[in-house]
Amino acid sequence: MPDLLLELFSEEIPARMQRRAAEDLKSLVTNALVEAGVTYEGAKAFSTPRRLALHIAGLTAGSKPTREERKGPRVGSPEKALEGFLRGAGLASIDEAQVVSDPKKGDFYVAVIEKPGRSTPDIIAEVMPGIIRGFPWPKSMRWGGGQLRWVRPLHSIVATFGPETEEPEVVPFEIDGIVSSNTTRGHRFMAPDAFEVRRLEDYADKLEKAKVVLDADRRKDIIVNDARNRAMALGLELVEDEGLLEEVAGLVEWPVVLVGSFDEAFLELPDEVIRLTIRANQKCFVMRDPATGRLSNRFVAVSNIVASDGGATIIAGNEKVIRARLSDARFFWETDLKAPLESRLPKLDSVVFHEKLGTQGARVNRLEALAREIAPLVGADVEKAARAARLAKADLPTQMVYEFPELQGQMGRTYAELQGEDASVARAIEEHYKPQGPSDAMPTDPVAVAVALADKLDLLTGFWAIDEKPTGSKDPFALRRAALGVIRIVLENGLRLRLSDLLASANAAMAEAGGELGRDLLSFFADRLKVHLREQGARHDLIDAVFALEGQDDLLMVVRRVEALGAFLATEDGANLLAGTKRGANILRAEEKKDGAAISGAPHADHLAEPAEIALAAAIDTARAQIRDALSREDFAGAMTALAGLRAPVDRFFDDILVNAEDADLRLNRLRLLAEIREATREVADFSKIAG
């Protein structure tokens with residue numbers, strides 16, 4: 001079966017756009033072909049700094065002819081209805097339609113639309129100009145006198161089609177004066193001449209000979225493996241950086257790994273400062289000494305050419321820039337060390353946190369007050385928690401954090417340690433930002449936990465107070481992440497905290513600042529907890545069943561209750577009791593809908609006539625007492641065991657008893673028994689929310 005090879009060759013595409021653009025090209029082309037009736041076996045996209053490429057294997061040679069009968073209006077319908085039918089069916093006049101008789105509906109028009117099959121090259125030639133013109137680049141440009149917009153000037157297009165056994169044909173199309181062909185170019189400097197290509201294997205092989213590695217993942221493998229080997233030869237380890245690796249692989253077509261060095265005196269700087277300086281300015285990797293765990297004075301640069309001098313000039317250029325940038329970093333570092341963190345706090349009074357929420361200085365005051373309240377609840381020293389909260393944002397005005405914002409917190413901890421702050425206080429300054437994402441480490445020291453909770457709760461209550469809540473996919477202030485951070489801190493540290501109390505404390509601090517907490521913040525936390533638990537494998541209906549109970553804001557207990565409920569329902573007793581309660585709930589729902597009032601009140605003992613209902617009433621009383629006792633001890637497994645005691649009496653009741661008895665008093669009494677089952681199970685969860 002034929003294959004298609006496409007290449008769009010241009011000036012350098014920004015590295016951050018390449019991989020997404022390659023996938024966009026694949027989806028746009030394959031979707032267009034399938035929509036036109038062409039199927040394929042597989043597709044793979046590629047990108048280099050100067051090209052997007054696509055190979056589609058196993059294409060059908062063309063689309064099949066189609067025949068569609070489209071039903072129209074009745075004969076004699078108004079003119080406008082006929083015009084709409086003709087327009088939709090592509091007919092010139094109503095005479096081209098057939099008249100079909102229906103015994104019930106009468107005569108109506110039918111358009112028979114026949115479309116002949118088309119060759120795949122013709123379809124490709126038709127769809128490609130539109131795909132190229134409408135390509136979804138984040139940013140694009142025009143050049144010369146043309147109207148085409150592309151990320152960078154587009155120079156040539158390769159489009160070949162054909163089976164392996166034959167010479168492929170060029171799919172002819174043109175866009176803005178660029179005519180498709182079978183000609184491309186290799187490396188800009190080492191192999192700039194044009195050459196012809198046929199299909200993927202030939203294309204990739206000729207590109208390799210022209211000093212272009214087509215596959216971005218293979219370029220990444222070359223870089224990381226060569227860098228590891230160079231580091232190992234020096235007795236060092238490569239500090240791996242997936243984000244930088246992805247970026248560098250998008251900057252080179254022929255990766256060449258080189259090693260340089262810088263003055264060891266710069267190693268007095270914190271490791272992360274050195275790494276970020278070299279990464280941000282020169283896109284270079286750093287190496288670590290495995291004996292000390294600290295950075296070495298060696299770095300890895302990736303060149304796009306095989307230099308005649310072995311890369312000496314390239315390395316010298318990198319070393320010169322790195323030396324200058326590290327000198328700047330050392331100046332920032334030494335300047336920052338001259339002033340203690342606390343002396344920088346007044347500067348925060350002029351730094352706006354949010355126009356409606358005041359300054360960073362005002363926020364620090366709230367954090368300090370809130371950390372004092374949270375500290376006893378998490379086992380933290382109150383004064384240490386307050387001190388850490390006071391200094392938590394003090395590194396924001398430092399020159400180092402101004403230069404590298406991603407170092408906020410980390411530099412604060414470093415400066416705090418050097419100026420003799422308590423180890424827990426210093427740690428909390430860094431860790432109060434955590435967790436930043438689902439895989440980020442958690443603060444575990446009580447002081448860090450107190451400040452981290454204060455930071456996130458203040459953020460949430462503040463933006464709720466000014467009605468800046470997440471909407472749809474938009475969450476500009478990362479409030480979902482903050483709520484999930486609170487949840488993870490509580491759960492992973494095994495903390496017993498009432499969320500409503502924490503929010504009340506945070507809201508009190510916010511009220512002093514003129515804000516007011518929205519009523520639905522607790523519901524927002526409930527939704528985030530549901531998402532978190534679902535990701536952990538918990539059933540969403542069990543989470544809903546527990547949250548339906550009043551006062552479920554002790555997150556740790558919610559999770560334990562959900563776990564116990566899931567384990568119970570996995571047993572035979574649990575499954576059968578669930579079925580019985582649902583049967584009873586359905587009967588109650590029907591009766592309550594009929595009467596317009598809820599069934600309530602305790603069943604009368606003198607109306608319990610049959611052994612099955614007498615046994616059920618006794619079992620409910622026993623189970624309810626046992627459940628309440630178990631729940632008071634937070635023994636959720638014990639509560640489920642007590643629930644299991646209802647299974648047999650409930651089964652027997654439905655086997656032996658007619659609930660809707662003719663005697664009104666007897667029927668009401670039995671309905672009250674069903675309501676008692678509903679209330680007994682609600683001690684544990686709302687069983688009506690459980691699927692099954």
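Helices, in this talk, are DSSP runs of H or I with at least four residues, numbered from the N terminus. Good morning. With that term in place, I shall begin at helix α16, which covers residues 479-492 and contains A483. Please bear in mind throughout that the structure before you is a predicted model.

Is A483 buried or exposed? Its relative accessibility is 0%, and because buried means under 20%, A483 counts as buried. Which residues does A483 touch, if we set aside those up to four places away in sequence? They are L460, F524, F525 and R528. There is also a distance worth finding on the screen: 7.1 Å separates the C-alpha atoms of A483 and K456, although these positions lie 27 residues apart in the numbering sense of being that far apart along the chain.

A second buried residue is D455, at 7% relative accessibility. D455 belongs to helix α15, residues 446-465. When neighbours within four places in sequence are left aside, the contacts of D455 are R363, L367, K393 and H432.

Let us turn to the strands, starting with β3, residues 51-57. Of the seven residues in β3, six are buried, and the strand is thus described as mostly covered. Which strands pair with β3? One is β1, residues 3-10, which is joined to β3 by six bridges in the antiparallel sense. Within that pairing, H55 of β3 has L5 standing opposite. Another is β2, residues 42-48, which runs antiparallel to β3 and is joined to β3 by seven bridges. Here A45 stands opposite L54 of β3. Strands β2 and β3 make a hairpin, with two residues between them.

Next comes an open sheet of four strands. Reading across, the order is β13-β15-β16-β14, and the pairing is antiparallel. Why is one side of β13 and of β14 left without a neighbour in the sheet? Strands β13 (237-238) and β14 (256-261) stand at the edges and have a single partner strand each, so one side of each has no neighbour there. For β14, the antiparallel pairing with β16, residues 295-303, extends over six bridges. As an example, V259 has V300 in β16 as its bridge partner. Helix α5, residues 216-233, packs on this sheet and touches β13, β14, β15 (285-288) and β16. The direction of α5 makes about 40 degrees with that of β14. Helix α7, residues 271-282, lies across β15 and β16, and α7 runs at about 15 degrees to β16.

My last topic is a pair of helices, α21 and α25. Helix α21 spans residues 572-595 and helix α25 spans residues 664-682; their axes come within 9 Å and cross at roughly 125 degrees. That angle makes α21 oblique to α25. The crossing in which α21 passes α25 is left-handed. Which residues meet there? From α21 we have T581, G584, I587, L588, E591 and E592, and from α25 we have L671, L674, A675, I677, R678 and T681. By class, the residues of this contact divide into six nonpolar, three polar and three charged.

To close, I suggest returning to two places on the screen. One is A483 in α16, with L460 and F524 among the residues it touches. The other is β3, with β1 and β2 as antiparallel partners. Thank you for your attention.

Conventions
Residues numbered from 1 in each chain as written. Predicted model: local features only at pLDDT ≥ 70, side-chain atom pairs only at ≥ 80, totals over all residues. Heavy atoms only, no water. Axes fitted to C-alpha atoms, helices over the stretch in contact; angles between N-to-C directions. Parallel < 35°, antiparallel > 145°, perpendicular 65-115°, else oblique. Left-handed = near helix turned anticlockwise from the far one by under 90°. Contact = heavy atoms within 4.5 Å. Nonpolar A, V, L, I, M, F, W, Y, C, P; charged D, E, K, R; others polar. Pairing = 2+ DSSP bridges. Buried < 20%, exposed > 50% of the residue type's maximum accessible area, 1.4 Å probe, protein only.
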